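Trainee: I should like to learn how to read a structure in which protein chains and DNA strands appear together. May we go through one step by step?

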There are 2 protein chains.
Amino acid sequence: MSQSANGSHGIPEATVARLPVYLRALFQLAENGTATVSSEELAVAAGVNSAKLRKDLSHLGSYGTRGVGYDVEYLVYQVSRELGLTQDWPVAIIGLGNLGRALANYGGFASRGFRIAALLDSDPTVVGTRIARLTVQHSDEMEAVIRRQRVSIGVIATPAGSGQGVCDRLVAAGVTSILNFAPVILSVPDHVDVRKVDLSIELQILAFHAQRKASVADRPARPDRPDQAVEAVEAVGS
Amino acid sequence: MSQSANGSHGIPEATVARLPVYLRALFQLAENGTATVSSEELAVAAGVNSAKLRKDLSHLGSYGTRGVGYDVEYLVYQVSRELGLTQDWPVAIIGLGNLGRALANYGGFASRGFRIAALLDSDPTVVGTRIARLTVQHSDEMEAVIRRQRVSIGVIATPAGSGQGVCDRLVAAGVTSILNFAPVILSVPDHVDVRKVDLSIELQILAFHAQRKASVADRPARPDRPDQAVEAVEAVGS
DNA sequence: CTGACTTTGTGCATGTATTCACAAGGGCGT
DNA sequence: ACGCCCTTGTGAATACATGCACAAAGTCAG
């Protein structure tokens with residue numbers, strides 16, 4: 001076959017970011033007992049354009065059947081494999097405040113290859129407590145725990161102030177994938193991947209669009225309130 | 001005409017997504033007492049290329065001074081205003097499981113114009129409890145509460161199964177901005193904005209890159225394990 | 001007042017992503 | 001066995017985003 005596309009470094013970033021969405025839609029279909037799905041149906045379920053979906057899937061290989069569609073189970077396997085979900089990814093969560101606890105208890109976390117292997121915190125009143133069947137260990141043990149458990153993904157759920165420090169120690173201990181929930185911009189060496197999840201940023205983006213909608217709807221003028229100055233400094237830390 | 005850019009619908013989406021990051025960097029600088037900042041410095045603090053930063057800011061207007069840089073306080077105000085943060089955005093959180101509670105207690109949430117105005121849940125054992133100075137109300141009250149509090153942004157923190165239903169009710173009650181934490185693809189009318197925050201998706205993206213790194217480092221062959229089939233259906237619900 | 005120096009704002013080239021539209025390919029009924 | 005019909009996979013067109021490189025515009029020293 002004309003195997004071209006699927007090569008080992010050929011998948012665009014935008015496509016990678018959508019594969020998990022497709023995977024979720026596929027699981028839903030499988031749950032419903034659907035055996036076969038067309039690009040159009042899957043695209044609707046995933047909330048994207050069908051041409052985009054087909055092009056995305058074509059980067060993994062030619063797994064559809066013309067005139068029929070895609071076999072759901074087979075496609076689930078191919079996408080999972082491409083994303084690396086057929087192997088085990090031990091995850092460590094650092095910081096067990098409200099958010100860290102929520103993450104530790106979140107069911108969907110553990111599924112699909114991700115396994116919470118360690119919980120770490122520096123607060124002595126939290127260390128030693130059990131959360132989601134694991135005992136919280138002290139941050140001093142970070143390096144040892146990471147090596148022992150072969151942790152490959154670190155989740156930072158600390159206050160902003162500790163974010164960079166924790167990140168540096170994770171990197172030093174050999175972690176090369178980091179998911180950051182702390183509202184701080186992390187700097188890391190090139191070989192380390194960081195993804196951030198930041199609800200404050202998402203809210204601000206929503207506010208931008210909401211403001212636009214409001215100013216269009218009401219009246220094209222007076223979108224702001226010039227009399228009320230913004231309060232200058234807002235602590236970014238915990 | 002030189003003034004062109006700043007028009008009422010001229011800001012690219014990619015730029016909007018970065019403005020909150022710049023804002024955070026600016027707050028940090030202001031906290032340090034920095035009065036003026038160059039595009040290069042700000043770019044480093046925000047983790048982007050300086051040309052990109054300048055182009056982004058140029059979409060809001062010409063707020064820098066050549067040879068000097070940007071006045072931090074003034075830029076904070078301009079970016080805040082552009083994002084709509086100079087006005088009040090009442091937020092309702094629906095679903096007060098681990099995640100909802102973490103969000104309600106999250107300090108950074110309340111700052112910068114966002115104000116938690118209501119907490120809603122359908123579980124009778126949760127309704128009536130107080131979280132972060134607010135009493136949890138029953139979901140049945142959703143429409144009334146949203147109108148009374150003039151809620152404009154809804155945060156969905158329910159299990160996946162309830163996500164679409166809650167979303168529909170929010171939309172029906174007039175909410176046009178939704179932040180979705182439930183692992184489900186929401187479908188909404190065109191005039192409604194949805195942003196999703198999905199840690200499982202972020203982890204999968206990290207896994208993809210980690211896998212690539214591993215297979216490049218180890219040996220260019222054998223990136224997959226053909227003997228170990230993927231376990232087929234994984235419930236997506238809570 | 002002048003000229004050297006700094007940093008912005010932006011034209012242009014390049015790269016990446018999306019979407020259209022259709023030929024290529026495969027199933028299925030007859 | 002054949003041809004119709006459906007859906008994939010992809011070339012080509014378009015739209016969007018990034019980054020270089022520099023002229024325009026300001027500061028500041030003397």
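**Reading the DNA surface and the two chains**

Mentor: Let us begin with the chemical classes of the residues that surround a strand. This is a predicted model, and in it the surface near DNA strand D comprises 10 nonpolar, 11 polar and eight charged residues.

Trainee: Which residues come nearest to DNA strand D?

Mentor: There are 29 residues around DNA strand D, and those that come nearest are Ser39(A), Gly64(A), Gly67(A), Pro12(B) and Gly67(B).

Trainee: Which elements supply at least two residues each to the surface near DNA strand D?

Mentor: From chain A they are helix 2 (39–46), helix 3 (50–58) and strand 3 (69–71); from chain B they are helix 1 (13–31) and helix 3 (50–58). With five residues, helix 3 of chain A gives the most to this surface.

Trainee: How should I read the surroundings of DNA strand C?

Mentor: Please ask the questions you asked of the other strand. Of the 29 residues around DNA strand C, the nearest are Pro12(A), Gly67(A), Ser39(B), Gly64(B) and Gly67(B). Two or more residues come from each of helix 1 and helix 3 of chain A, and from each of helix 2 (39–46), helix 3 and strand 3 (69–71) of chain B. Here helix 3 of chain B gives the most, with five residues. The classes near DNA strand C are 10 nonpolar, 11 polar and eight charged.

Trainee: How does one describe the relation between two copies of a chain?

Mentor: In general, a rotation about an axis and a shift along it relate two copies of a chain. In this model, a turn of 180° with a shift of 0.0 Å along the axis lays chain A on chain B with an RMSD of 0.1 Å. That is the relation of a two-fold axis. The same surface serves both copies, as 96% of the contact residues of chain A recur in chain B.

Trainee: How do I read the packing of two helices within a chain?

Mentor: One considers the angle, the distance between axes and the residues in contact. Helix 1 (residues 13–31) and helix 4 (residues 72–83) of chain A pack at an angle of about 150°, their axes 10 Å apart. Angles over 145 degrees count as roughly antiparallel, and these two helices of chain A are therefore roughly antiparallel to each other. Their crossing is left-handed.

Trainee: Which residues make the contact?

Mentor: Helix 1 of chain A contributes residues including Leu19(A), Tyr22(A), Leu23(A) and Phe27(A), while helix 4 of chain A contributes, among them, Val72(A), Leu75(A), Val76(A) and Leu83(A). By class, this contact has 13 nonpolar, one polar and two charged residues.

Notes:
Residues numbered from 1 in each chain as written. Chains lettered and ligands numbered in written order. Predicted model: local features only at pLDDT ≥ 70, side-chain atom pairs only at ≥ 80, totals over all residues. Least-squares fit on C-alpha atoms with pLDDT ≥ 70 in both. Contact = placed C-beta atoms within 7 Å. Near = placed C-beta within 6 Å. Helix = DSSP H or I, 4+ residues; strand = E, 2+ residues; numbered from the N terminus. Nonpolar A, V, L, I, M, F, W, Y, C, P; charged D, E, K, R; others polar. Axes fitted to C-alpha atoms, helices over the stretch in contact; angles between N-to-C directions. Parallel < 35°, antiparallel > 145°, perpendicular 65-115°, else oblique. Left-handed = near helix turned anticlockwise from the far one by under 90°.
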